[in-house]
Amino acid sequence: MQEDAILPKSKRFLVLWLIPAATIILLFFVSSSLLSGHTSASETYSPSPMPMDYKEANNSVSLPVPSARVALTAEQEYNMIAPSPKPERVYKYTDGHGTPIYDYSPGDIVPESESVDDVYFSGAVFLGDSRTQGFQVFSGLTTADIYAGKSLSVISIYTDKVISRGNGVYVTVMEALGSKVYDKVYIMLGINEIGLEYDYFHSLYADVIDSIIRRQPHADIYIQANLPVSEEKDKNGGSYNNTRVRAFNEELKELCSEKSVHYIDLYTAFANEDGNLCEGMSGDGIHLVRDACVIWLDYLKTHTIVHK
């Protein structure tokens, strides 16, 4: 009875104390073994040496020896050091002497240039009203053809037969223009239309330019600004005043840009500081005297432009 009572206590001791203690001891030895193996591995590992620093690397690397320089000619050496040439400026127009005119477009005022002689106008024709008739008589120009008529306008230029062909035969200005080839066409019209509405005048003058281009497709066309009137005419001439003349000239300038033709600013050449015709230039306030017509020609000689 006493042994039976002790045995259960032994089994209880075995289960509660001995087996757990043995388990702990076993785990301890296993852990120690693993740690020992890791340490051995660490001790046997030999890391690669650190790479050389930049200076050591450069000192230890053999650089290639440069090859001998190839001999260059003097021209080749110059081309290597000479600055690149600037691109040439582009131009479409020259003056009467062939000198390039830069930064110009039709509709701009034709700039001043070196004077030409009368031979320059040998292929030219002038179209206009009685003012141009005065130019024909007084300027002294004999190398150009001049087709002009009293009271001629942008309307009657098609209908009034004012150009004599001899033997009593007369034709219109447009008919005469188409009978010969010209390289320059100068036009002054507008003073007889001064009472028209601006838009209407613009339209009629545009038709005249188109008609001239059809008859002379290779000619340079020059629209001459209408001349100012005198101070007296400006005050007392009704529609013949310089305010309207300037407004008409602005229409002409716009037309030059639209039609790619040239604008010659004769108004400024003959106007005083008040915008009126200079004193002594006219007997009636509209038509120019002899000396003024010579000035007119001189201005055209120093304001030439030709499509190259």
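This report walks through the sheets, the helices packed around them and two buried polar residues of a predicted model.

**The chain as a whole**

Let's start with the overall picture. The protein chain has 10 helices and 10 strands. Of its 308 residues, 37% are buried. Among contacts with a separation of 6 or more, 66% are between residues 24 or more positions apart.

**The five-stranded sheet**

Five strands make an open sheet with parallel pairing, in the order 4-3-7-8-9. At its edges are strand 4 (145-148) and strand 9 (262-264), each of which pairs on one side only. From one strand to the next, the twist averages 20 degrees.

Within this sheet, strand 7 (residues 184-188) and strand 8 (residues 220-224) run parallel and are joined by four bridges. If you would like a landmark for this pair, look for Lys184, which stands opposite Asp220 in strand 8.

Two helices lie across strands of this sheet, and the table sets them side by side.

| Helix | Residues | Strands it lies across | Angle |
|---|---|---|---|
| Helix 6 | 198-215 | strand 3 (124-128), strand 7 and strand 8 | about 155 degrees to strand 8 |
| Helix 8 | 242-259 | strand 8 and strand 9 | about 150 degrees to strand 9 |

Strand 8 thus appears in both rows: helix 6 lies across it, and helix 8 does too.

**The three-stranded sheet**

There is also an open sheet of three strands, ordered 2-1-10, and here the pairing is antiparallel. Strand 2 (100-101) and strand 10 (306-307) are the edge strands, each pairing on one side only. Strand 1 (residues 93-94) pairs with strand 2 over two bridges in the antiparallel sense. In that pairing, Tyr93 stands opposite Ile101 in strand 2.

**Where helix 4 meets helix 10**

Two packed helices are described by the angle between their axes and the distance between the axes. For helix 4 (residues 130-138) and helix 10 (residues 290-301), the axes come within 9 Å and cross at roughly 90 degrees. The two helices are therefore roughly perpendicular to each other.

Helix 4 brings Arg131, Thr132, Gly134, Phe135 and Phe138 to the contact, while helix 10 brings Arg290, Cys293, Val294, Trp296, Leu297 and Leu300. Sorted by class, the residues in this contact are seven nonpolar, two polar and two charged.

**Two buried polar side chains**

How does His202 fit in, buried or exposed? His202 lies in helix 6, and with a relative accessible area of 13% it is buried, because the cut-off for that label is under 20%. Its side chain makes a polar contact of 2.7 Å with the side chain of Glu251. Not counting residues up to four places away in sequence, His202 touches Glu251, Glu254, Leu255 and Glu258. Helix 8 spans residues 242-259, so these partners are all numbered within that helix.

Asn276 is found in the loop between helix 9 (266-270) and helix 10. With 7% relative accessibility, Asn276 also counts as buried. Which side chain does Asn276 join through a polar contact? The partner is Asn242, at 2.8 Å. Leaving aside neighbours within four places in sequence, Asn276 is in contact with Pro228, Val229, Ser230, Glu231, Asp234, Asn242, Phe270 and Ala271.

Technical notes:
Residues are numbered from 1 along each chain as its sequence is written. This is a predicted model: local features need pLDDT of at least 70, side-chain atom pairs count only at pLDDT 80 or more; totals for chains, interfaces and linings use all residues. Side-chain values use heavy atoms; hydrogens and water are left out. Two strands pair if DSSP finds at least two bridges between them. Axes are lines fitted to C-alpha atoms, for helices over the stretch in contact, and angles run from 0 to 180 degrees between N-to-C directions. Contact means heavy atoms within 4.5 Å. Angles under 35 degrees count as roughly parallel, over 145 as roughly antiparallel, 65 to 115 as roughly perpendicular and the rest as oblique. Ala, Val, Leu, Ile, Met, Phe, Trp, Tyr, Cys and Pro count as nonpolar, Asp, Glu, Lys and Arg as charged, and the others, Gly among them, as polar. Buried means under 20% relative accessible area, exposed over 50%, partly exposed in between (1.4 Å probe, protein chains only). A polar contact is a pair of N or O atoms within 3.5 Å; within protein, one must be able to donate a hydrogen and the other to accept it, and residues adjacent in sequence count only if both atoms are side-chain atoms.
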